[in-house]
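Open the model in your viewer and keep the selection panel at hand. We will go stop by stop.

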Number of protein chains: 2
Amino acid sequence: MADVKKTNAASRRGEITETATALFLEKGFAGTSMSDLAQACGIRKASLYHHFPGKEDLFIACVTEGYSGAMDEIAQIYATDAMEDTDKVRATFDCLYHSTIEAPVGRLSPLIAEVSRSMPNVARSFHNNYIELQRDMVEKIILAGVENGAFLPQDIDVLLHLIFGPIVTLSLSREMFATFDDIDERYPVQSLKDGHVDTILRILTEPAFATAQG
Amino acid sequence: MADVKKTNAASRRGEITETATALFLEKGFAGTSMSDLAQACGIRKASLYHHFPGKEDLFIACVTEGYSGAMDEIAQIYATDAMEDTDKVRATFDCLYHSTIEAPVGRLSPLIAEVSRSMPNVARSFHNNYIELQRDMVEKIILAGVENGAFLPQDIDVLLHLIFGPIVTLSLSREMFATFDDIDERYPVQSLKDGHVDTILRILTEPAFATAQG
DNA sequence: GTCTATACGCTGATAGAC
DNA sequence: GTCTATCAGCGTATAGAC
């Protein structure tokens, strides 16, 4: 606690995972070598093995560290009493768009897909400790609004499909086409987020819309 | 034309790309070796180099072949006169869900993300020859319905965000968690598709819904 | 905790016989 | 067109000095 470094990497271990995460996101797991990592960290390859038993363990540390605390902000939104339900939904969307598109954690999905067969335990951990928690939290926020009478009853699985789908896909598109110089015009975050949340709120609140719903 | 084989691989080259595509989808580009490929194809490694100059060219052939003709079915939907606009949308969704989740072409996205920095031309080609064409086709189908008066005017960028997003994300989720034995209960295709298309059609046709729209 | 040195299998790729 | 044989280099990982 004495003097905290400016970087969020407290120990050397943290510095390494932080650098490694950036490299893994850029070149994939198999495409990133321990030599690459050592060079990027400014140390020798052998020194990496002092901090981690092997490449796979290092990777697991990156993923695990990626989603630690990722749920805090959205949990606060759920817990607060100082917001209307519609504003909670807007704040939730701000959170989700940010954590999925800008923060490392949301950009991990293609990486998990790459290693899903060779490290199924990593995929399982990512699912249980991130995807599912996030999903449950959003579900709770919606259902609280339904209980309040602010929102209409919903098919929650379909609604979550419509909430998370566009966000994750936008993140994936921006990874796939990261080298395009017109990426921000082709795949803009702000305007799509605004239109997305407006549509979801209309689904949640427009009585005429709900009539045919099961 | 004389006697066509049952497989869609006409030549040996096609057999190789077909096998290679499956391997690349399973283990990624960097994670798949030419030895793996040779073994899976039942030939020796050196023979692969008779058909393709190198690993990267083989990969490009897989991707290119993946989306050749992928647009035919959806183009037919657009062209036909024998369907109502709402049925065209439903048929389009059937197409999109199938091509994105089951066919190789739609499952390529995480692969493209993996190689996007090292092979930006592949990403560009995938975008121009598949993503953009598919997007334009769906846009045309929607706008035709608007012209007919069957659909209400739309913010088309946001609407496409809401159409493609959930589909691509469902595909990605099913790749990430392919090893789960409850994958079909957690990430079911049919029920999410049905709810998704119903919601989109309500957005397209419900007057009360459109009032606040730009 | 970081270094140099090294082991050694596997990588993509080539040469040349059949 | 497929094979055997072979290459140089890079891959992860380890041993042991400082």
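Start at the place where the chains meet. This is a predicted model, and the interface of chain B and chain A holds 13 residue pairs in polar contact, both residues at pLDDT 80 or more.

**Stop 1: the side of chain B that touches chain A**

Select chain B and colour its helices. Six of them each supply at least two residues of the side that touches chain A: α1 (12-27), α8 (109-115), α9 (120-148), α10 (156-176), α12 (190-205) and α13 (207-210). Now pick out α10(B). With 13 residues, α10(B) gives the largest share of that side of chain B. Next, colour by residue class. The side of chain B that touches chain A divides into 27 nonpolar, 13 polar and 13 charged residues.

How many residues of each chain are in contact? Select both sets: 53 residues of chain B touch 53 residues of chain A.

The size of an interface is often given as the accessible area lost when the parts come together. Between chain B and chain A, the buried area is about 4600 Å². Carbon and sulfur atoms give 67% of that area.

**Stop 2: salt bridges across the interface**

Show side chains. Between chain B and chain A there are four salt bridges. Zoom to E175(B) and R117(A). Their side chains meet in one salt bridge, at 3.3 Å from N to O.

Move on to E132(A) and R186(B). Here the closest N and O atoms are 2.7 Å apart, in another salt bridge. This pair crosses between chains: E132(A) sits in helix α9 (residues 120-148) of chain A, and R186(B) in helix α11 (residues 183-186) of chain B. Zoom out again. Over all chains, the count comes to 20 salt bridges.

**Stop 3: one chain, then its copy**

Hide chain B and show chain A as a cartoon. Which kinds of element does chain A have? There are 13 helices and zero strands in chain A. Use the distance tool along the principal axes: the C-alpha trace of chain A spans about 65 × 45 × 30 Å.

Bring chain B back and superpose the chains. A turn of 180° and a shift of 0.0 Å along the axis lay chain B on chain A, with an RMSD of 0.0 Å. The two copies are thus related as by a two-fold rotation axis. Look at the interface once more. The copies meet through the same surface, because 100% of the interface residues of chain B are also interface residues in chain A.

**Stop 4: DNA strand C**

Select DNA strand C and the residues around it. There are 16 of them, and the closest are R12(A), R44(A), H51(A), M34(B) and Y49(B). Of the strand C atoms that come within 4 Å of the protein, sugar and phosphate account for 60%.

Which residues of chain B reach phosphate oxygens of strand C? Take three in turn.

- M34(B): a polar backbone atom is 2.7 Å from a phosphate oxygen of DNA strand C.
- Y49(B): a polar side-chain atom lies 3.1 Å from a phosphate oxygen of DNA strand C.
- S33(B): a polar side-chain atom lies 3.5 Å from a phosphate oxygen of DNA strand C.

Now colour by helix. Two or more residues near DNA strand C come from each of α3 (45-51) of chain A, α2 (34-41) of chain B and α3 (45-51) of chain B. Of these, α3(A) gives the most to this surface, with four residues. By class, the surface near strand C has five nonpolar, seven polar and four charged residues.

**Stop 5: DNA strand D**

Switch to DNA strand D. Around it are 16 residues, the closest being K45(A), Y49(A), R12(B), R44(B) and H51(B). Sugar or phosphate holds 57% of the strand D atoms within 4 Å of the protein, and the rest belong to bases.

Where does K45(A) point a polar side-chain atom? Zoom in: that atom lies 3.3 Å from a base oxygen of DNA strand D. Y49(A) has a polar side-chain atom 3.2 Å from a phosphate oxygen of strand D. At R44(B), look at the backbone instead, where a polar atom is 2.6 Å from a phosphate oxygen of strand D.

Finish with the helices. α2 (34-41) and α3 of chain A, together with α3 of chain B, each supply at least two residues of the surface near strand D. The largest share, four residues, comes from α3(B). That surface divides into five nonpolar, seven polar and four charged residues.

Note on methods
Residues are numbered from 1 along each chain as its sequence is written. Chains are lettered from A and ligands numbered from 1 in the order in which they are written. This is a predicted model: local features need pLDDT of at least 70, side-chain atom pairs count only at pLDDT 80 or more; totals for chains, interfaces and linings use all residues. Side-chain values use heavy atoms; hydrogens and water are left out. A residue is near a molecule or strand if one of its heavy atoms lies within 4 Å of it. A polar contact is a pair of N or O atoms within 3.5 Å; within protein, one must be able to donate a hydrogen and the other to accept it, and residues adjacent in sequence count only if both atoms are side-chain atoms. Ala, Val, Leu, Ile, Met, Phe, Trp, Tyr, Cys and Pro count as nonpolar, Asp, Glu, Lys and Arg as charged, and the others, Gly among them, as polar. Copies are superposed by least squares on the C-alpha atoms of residues with pLDDT of at least 70 in both. Contact means heavy atoms within 4.5 Å. Buried area is the accessible area (1.4 Å probe) that two parts lose on being put together, summed over both.
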